[in-house]
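Me: I'd like a close look at one part of this protein: a spot where two helices meet. Could you walk me through it, and then show me what else stands out?

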Amino acid sequence: MQLLFPCDPLNRRVADEAYAEEFDAACAAGFACSLFSFEDFEAGQFKAQPGLAGAVNVLYRGWMLTPDSYARLHDAIAEHGCAMATSPTQYRHCHYLPEWYPLCEEFTPETVIVARNADFAAAVDGRNWPAYFVKDYVKSLTTQRGSVAATPQEIADVVGLIETYRGAVEGGVCIRKFEQLQADSEERYFVLHGQAHGRDGSAPELVHEIARRIESPFFSVDVVASSRGELRLIELGDGQVSDRKQWPVGRFMAMLDGTQG
């Protein structure tokens with residue numbers, strides 16, 4: 001397996017600062033690593049250094065991509081005779097909430113999925129939820145205002161702010177039932193080739209069950225405890241564009257190398 005990282009925009013010989021620690025750890029662990037200019041890729045050009053060759057299996061570790069952009073990266077790597085571990089269909093499956101939600105519905109807050117131009121208040125009419133957590137297919141509003149709407153009428157305000165701060169609403173709008181969760185209880189797990197991994201070497205049964213349901217070689221699972229102590233699934237993401245959060249870089253590399261239990 002060869003790892004592919006974005007380079008520093010001002011120095012193409014080194015990894016982008018956000019991925020420098022991981023790049024150095026990957027090299028030290030014995031992984032073959034290449035860099036590419038994310039800016040050039042966005043402009044329609046792809047060139048990896050060192051070059052990709054020998055029909056290697058490529059794992060991307062870098063900035064979040066839309067499904068269309070990921071498909072372009074997948075095709076660019078295929079043109080070099082190599083293959084990405086995750087297909088465009090699998091990437092979209094974990095990247096977009098409406099793709100994975102039907103498979104994990106009982107583990108995660110109830111969700112109504114609508115188009116950007118929908119009547120949001122009408123979409124949740126009669127549900128009488130305590131509040132409404134609003135996001136697009138990928139992300140929520142991370143400003144101080146937050147993504148929670150107290151009333152159905154406030155949903156449109158949150159959507160408008162997502163559009164303002166992120167530039168666009170990706171995919172559509174997901175309106176989720178607000179649940180009381182324990183503060184500071186969120187934990188990120190990774191699933192690699194069907195095996196669930198935690199930063200302490202173990203994962204709860206909920207994550208193992210999700211691993212059995214999702215068909216993707218590498219994805220992240222974010223779990224949080226409810227006010228009653230029940231584990232709840234908050235988010236899935238493609239593992240290639242999911243940051244490590246609290247994971248030590250050495251343990252993350254051990255997982256990729258297959259040496260973590």
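Reply: Sure! Keep in mind that this is a predicted model. Start with helix 3, residues 67–78, and helix 4, residues 88–95: their axes come within 9 Å and cross at roughly 150°. Angles over 145 degrees count as roughly antiparallel, so helix 3 is roughly antiparallel to helix 4. As for handedness, the crossing of helix 3 past helix 4 is right-handed.

Now zoom in on who touches whom. Helix 3 brings Pro 67, Tyr 70, Ala 71 and His 74 to the meeting, and helix 4 answers with Pro 88, Tyr 91, Arg 92 and His 95. Sort the residues of this contact by class and you get five nonpolar, two polar and one charged.

With the helix pair covered, let's turn to the largest pocket. Its volume is about 1,100 Å³, and 42 residues line it. If you want to find its centre on screen, look for Glu 186, Arg 188, Asp 222, Glu 235 and Lys 245, the lining residues that lie nearest to it. Several elements give two or more residues to this lining: helix 1 (20–28), strand 8 (132–136), strand 10 (173–177), strand 13 (218–225) and strand 14 (231–238). Strand 14 gives the largest share, with five residues. By class, the pocket lining splits into 18 charged, 14 nonpolar and ten polar residues.

Technical notes: Residues are numbered from 1 along each chain as its sequence is written. This is a predicted model: local features need pLDDT of at least 70, side-chain atom pairs count only at pLDDT 80 or more; totals for chains, interfaces and linings use all residues. Side-chain values use heavy atoms; hydrogens and water are left out. On a 1 Å grid over the protein atoms alone, a cavity is a set of points where a 1.4 Å probe fits but cannot get out, and a pocket is an open set with protein on both sides within 12 Å along at least five of seven lines; lining residues have an atom within 4 Å of a point. Grid points are joined across faces, edges and corners, and a volume is the space filled by probe spheres set on the points. Helices (H or I, at least four residues) and strands (E, at least two) are DSSP runs, numbered from the N terminus. Ala, Val, Leu, Ile, Met, Phe, Trp, Tyr, Cys and Pro count as nonpolar, Asp, Glu, Lys and Arg as charged, and the others, Gly among them, as polar. Axes are lines fitted to C-alpha atoms, for helices over the stretch in contact, and angles run from 0 to 180 degrees between N-to-C directions. Angles under 35 degrees count as roughly parallel, over 145 as roughly antiparallel, 65 to 115 as roughly perpendicular and the rest as oblique. A crossing is left-handed if the near helix is turned anticlockwise from the far one by less than a right angle, and right-handed if clockwise. Contact means heavy atoms within 4.5 Å.
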